Amino acid sequence: MQLTFSGPLIEWRGPAPYYFVAVPPEQAAQVREVARLLSYGWGVVPVRVQLGASVWTTSLFPRQGGYLVPVRAAIRRAEALHEGAEVTLSLGLGEAEPSQWT
């Protein structure tokens, strides 16, 4: 399943800063429909992500009925992103092999 959407880059201020893009409600509902088939536990869903010229594999994190896409520091640097930047992501659900999940 392929999904494309836009949203702001948000910072999660925990023990270390993490950055995410929230999956919009309509697309989150589509993820929930297939999550049970794709999840490897704890509700996380493996994905292949494209943002600009950057492509990586990661897992969607379930959060308050939706999902968050983590955006690594290396990706943020490569794409010159800052908190609040509006980005467009393309997700390929279940397209990562377990050895590639990061």
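This passage describes the helix, the nonpolar core, the paired strands and the aromatic rings of a predicted model.

Helix α1 covers residues 25-38. At 1.5 Å a residue, the 14 residues of α1 should span 20 Å, and the end C-alpha atoms of the helix lie 19 Å apart, which agrees with that expectation. The helix nevertheless contains a kink of about 35 degrees, which is centred on Arg32. Four residues of α1, namely Gln27, Ala28, Val31 and Ala35, are buried. In general, an α-helix has 3.6 residues a turn, so residues three or four places apart point the same way. The cover over the buried residues of α1 includes strands β1, β3, β4, β5 and β6.

Among these buried helix residues, Gln27 can be described in further detail. Gln27 has a relative accessible area of 16%, and it counts as buried because this value is under 20%. When its neighbours within four places in sequence are left aside, the contacts of Gln27 are with Leu3, Thr4 and Phe5.

The largest nonpolar core comprises 23 residues, of which Val23, Leu60, Tyr67, Val69, Leu89 and Leu91 touch the most other members. Two or more residues are given to this core by each of the elements β1 (2-13), β2 (17-22), α1, β3 (45-51), β4 (54-63), β5 (66-70) and β6 (86-93). For Leu91, again apart from neighbours within four places in sequence, the contacts are with Met1, Gln2, Leu3, Phe5, Val23, Arg48, Val49, Leu60 and Val69. The contacts of Leu91 thus include Val23, Leu60 and Val69, which are also listed among the core residues that touch the most other members.

Strand pairing was examined next, with β2 as the point of reference. Strands β1 and β2 run antiparallel and are joined by 5 bridges, and a hairpin connects β1 to β2 through 3 residues. Within this arrangement, Glu11 stands opposite Tyr19 in β2. Strand β2 is also joined to β5, again in an antiparallel sense, and here the number of bridges is 3. In β5, the residue that stands opposite Val21 is Val69, and Val69 is also one of the core residues named above for touching the most other members.

The aromatic residues form a further set of interactions. In general, a pair of aromatic rings is described by the distance of the centres and the angle of the planes. The structure holds 2 aromatic pairs. One of them is formed by Trp12 and Phe20, which meet edge-to-face with 6.2 Å from centre to centre and 70 degrees between the planes. The other is formed by Phe20 and Phe61, also edge-to-face, with a centre-to-centre distance of 6.0 Å and an angle of 80 degrees between the planes. Because Phe20 lies in strand β2 and Phe61 in strand β4, this second pair ties together parts that are 41 residues apart in sequence. Through these ring pairs, Trp12, Phe20 and Phe61 are linked into a cluster. Within the cluster, Phe20 is buried, at 9% relative accessibility, whereas Trp12 is partly exposed, with a relative accessible area of 36%, and Phe61 likewise counts as partly exposed, at 39%.

Technical notes
Residues numbered from 1 in each chain as written. Predicted model: local features only at pLDDT ≥ 70, side-chain atom pairs only at ≥ 80, totals over all residues. Heavy atoms only, no water. Buried < 20%, exposed > 50% of the residue type's maximum accessible area, 1.4 Å probe, protein only. Contact = heavy atoms within 4.5 Å. Core = buried A, V, L, I, M, F, W, Y, C linked by side-chain atoms within 4.5 Å. Phe/Tyr/Trp six-rings, centres within 6.5 Å; stacked < 30°, edge-to-face > 60°. Pairing = 2+ DSSP bridges. Expected span 1.5 Å × (residues − 1). Bend = angle between axes of the 7 residues up to and from the residue.
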